[in-house]
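Hi everyone, thanks for making time. I'd like to walk you through one structure today, so please bring it up on your screens and follow along.

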2 protein chains.
Amino acid sequence: MTSPLFTVRPIGTLHTPWRNIADCPRNGRQPDPAPLCTAHVLTEFVGGLRSLDSFSHLLLIYWMDQVTVPELTFIPPFDGQTRGVFSARNPRRPNPIGLSVVAFEGFAAPDCLNVRFLDCVDGTPLLDIKPYLTTTDCEPAASMGWLEPHATRNRNTSRS
Amino acid sequence: MTSPLFTVRPIGTLHTPWRNIADCPRNGRQPDPAPLCTAHVLTEFVGGLRSLDSFSHLLLIYWMDQVTVPELTFIPPFDGQTRGVFSARNPRRPNPIGLSVVAFEGFAAPDCLNVRFLDCVDGTPLLDIKPYLTTTDCEPAASMGWLEPHATRNRNTSRS
């Protein structure tokens with residue numbers, strides 16, 4: 001079976017303190033304090049940011065363009081067992097689409113959002129911005145499978 | 001500025017009870033009971049499902065291929081004011097990437113996951129599966145901006 005291909009076009013760029021994959025934290029809530037990052041939106045898409053002001057958290061979807069070779073399984077260094085890529089947040093995915101729930105701290109400029117809790121490389125292409133909705137996105141009782149004993153329990157809320 | 005294009009390839013297909021956009025619920029937690037849906041994964045990607053068993057919730061990322069014309073702003077029928085697409089979950093986005101936090105109810109077959117809380121059209125191409133992690137994805141105190149008064153507060157947990 002041949003599946004169709006679809007084309008994504010960046011709507012902007014993410015800026016973080018991390019210059020390459022090796023520098024990135026394990027997740028965006030691990031650094032303490034969590035550094036300020038920015039999401040720059042291309043001029044032609046700025047109109048879509050209307051009404052974003054009073055959301056406290058956003059879902060940022062991005063393209064992890066430094067991933068060259070995907071891997072269906074891998075052995076996490078902190079675990080030592082073979083795990084499937086769809087059971088992990090490893091960036092080396094068939095479609096290298098990244099997702100972060102970020103704290104939204106307002107506009108630095110009409111085309112630039114201040115955010116915290118990103119963990120991607122500086123310059124990562126941004127594909128979409130969605131409002132985070134507690135009614136559909138928040139599952140506090142969720143169980144984390146094989147990642148449970150390895151969870152970073154640091155619910156970092158401090159600011160740099 | 002010309003931004004690069006990236007190509008996504010479906011890893012599978014989502015099956016839901018909804019045959020077209022007009023049939024879809026406002027969100028996946030609105031139908032009561034929430035119907036059982038399935039995510040079929042193409043054979044070549046099944047290896048990536050390893051270790052998925054004991055997660056209770058997943059993030060499914062998909063391509064809303066019935067969207068033909070994106071719109072940067074729109075007037076929601078339940079609101080009556082002009083809103084930016086990035087402040088809403090409207091499918092008519094520059095990149096029609098959909099995201100749902102679903103309850104994972106085990107495997108119907110090695111290539112088929114039983115899930116609940118999808119709200120997309122039957123046959124929607126699946127792009128990625130990620131484990132839902134309470135440590136990075138759960139923000140119970142998040143404020144929902146202009147959507148706050150329109151929130152569907154139904155925290156549906158019933159099963160059909």
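Let's start at B:Val102. Leaving aside residues up to four places away in sequence, B:Val102 touches B:His57, B:Leu58 and B:Leu60, and also B:Val115, B:Arg116, B:Phe117 and B:Leu118. Keep in mind as we go that this is a predicted model.

Why begin there? The largest nonpolar core has 80 residues, and B:Val102 is among those with the most contacts inside it, together with B:Val115, A:Val102 and A:Val115.

Now let's look at the strands around that spot. In chain B, six strands form a closed barrel, running β2-β3-β8-β7-β4-β9 with antiparallel pairing. On average, neighbouring strands of this sheet are turned by 45 degrees against each other, direction ignored.

We can follow a few of the pairings one by one. Strand β7 of chain B, residues 97–109, pairs with β8(B) in the antiparallel sense over four bridges. What joins β7(B) to β8(B)? A hairpin does, through two residues. If you look for B:Ala109, you'll find that B:Cys112 in β8(B) stands opposite.

On we go to the next pair. Strand β8 of chain B, residues 112–116, is joined by five bridges to strand β3 of chain B, residues 36–41, and the two run antiparallel. Here B:Ala39 stands opposite B:Leu113. Then there is strand β2 of chain B, residues 12–15, which pairs with strand β9 of chain B, residues 125–131, in the antiparallel sense over two bridges. In that pair, B:Thr13 faces B:Pro125 as the residue standing opposite in β9(B).

Let's switch to chain A. Six strands close into a barrel there too, in the order β2-β3-β8-β7-β4-β9, and the pairing is antiparallel. Neighbouring strands of this sheet are turned by 45 degrees against each other on average, direction ignored.

I'd like to spend a moment on β2 of chain A. Strand β2(A), residues 12–15, is joined to β3(A) by four bridges, and the two strands run antiparallel. A:Leu14 has A:Ala39 as its bridge partner in β3(A), and A:His15 stands opposite A:Thr38. Two bridges also join β2(A) to β9(A), again antiparallel, and there the bridge partner of A:Gly12 is A:Leu126.

So which residues of β2(A) are buried? A:Gly12 and A:Leu14 are, and they point to one face, while A:Thr13 and A:His15 point to the other and are not buried. The background for this is simple: in a regular strand the side chains alternate between the two faces of the sheet.

Next, how do the two chains meet? In all, 67 residues of chain A are in contact with 67 residues of chain B. On chain A, at least two residues each come from β1 (6–8), β4 (57–63), β6 (83–84), β7 (97–109), β9 (125–131) and α1 (134–137). β9(A) gives the most, with five residues. By type, the residues on this side of chain A divide into 34 nonpolar, 21 polar and 12 charged.

There is strand pairing across the chains as well. β1(A) is joined by three bridges to strand β1 of chain B, residues 6–8, and these two run antiparallel. A:Thr7 has B:Thr7 as its bridge partner.

One loop residue deserves a look too. A:Ser54 lies in the loop between β3 (36–41) and β4 of chain A. Is A:Ser54 buried or partly exposed? It is partly exposed, because 14 other C-beta atoms lie within 10 Å, and a residue needs 20 or more to count as buried. Across the chains, A:Ser54 touches B:Ser143, B:Gly145 and B:Trp146. Within chain A, A:Ser54 and A:Gly106 are 52 residues apart in sequence and 8.5 Å apart in space, C-alpha to C-alpha.

Last topic: symmetry. Two copies of a chain are related by a rotation about an axis and a shift along it. For this model, a turn of 180 degrees and a shift of 0.0 Å along the axis lay chain A on chain B with an RMSD of 0.0 Å. That is the relation of a two-fold axis. The same surface serves both copies, with 100% of the contact residues of chain A recurring in chain B.

That's my tour, and I'm happy to go back to any part of it.

Notes:
Residues are numbered from 1 along each chain as its sequence is written. Chains are lettered from A and ligands numbered from 1 in the order in which they are written. This is a predicted model: local features need pLDDT of at least 70, side-chain atom pairs count only at pLDDT 80 or more; totals for chains, interfaces and linings use all residues. Two residues are in contact if their C-beta atoms, placed from the backbone, lie within 7 Å. Ala, Val, Leu, Ile, Met, Phe, Trp, Tyr, Cys and Pro count as nonpolar, Asp, Glu, Lys and Arg as charged, and the others, Gly among them, as polar. Two strands pair if DSSP finds at least two bridges between them. A residue is buried if 20 or more other C-beta atoms lie within 10 Å of its own, exposed if 12 or fewer, and partly exposed in between; C-beta atoms are placed from the backbone. Copies are superposed by least squares on the C-alpha atoms of residues with pLDDT of at least 70 in both. Axes are lines fitted to C-alpha atoms, for helices over the stretch in contact, and angles run from 0 to 180 degrees between N-to-C directions. A nonpolar core is a set of buried Ala, Val, Leu, Ile, Met, Phe, Trp, Tyr and Cys residues joined through C-beta atoms within 7 Å.
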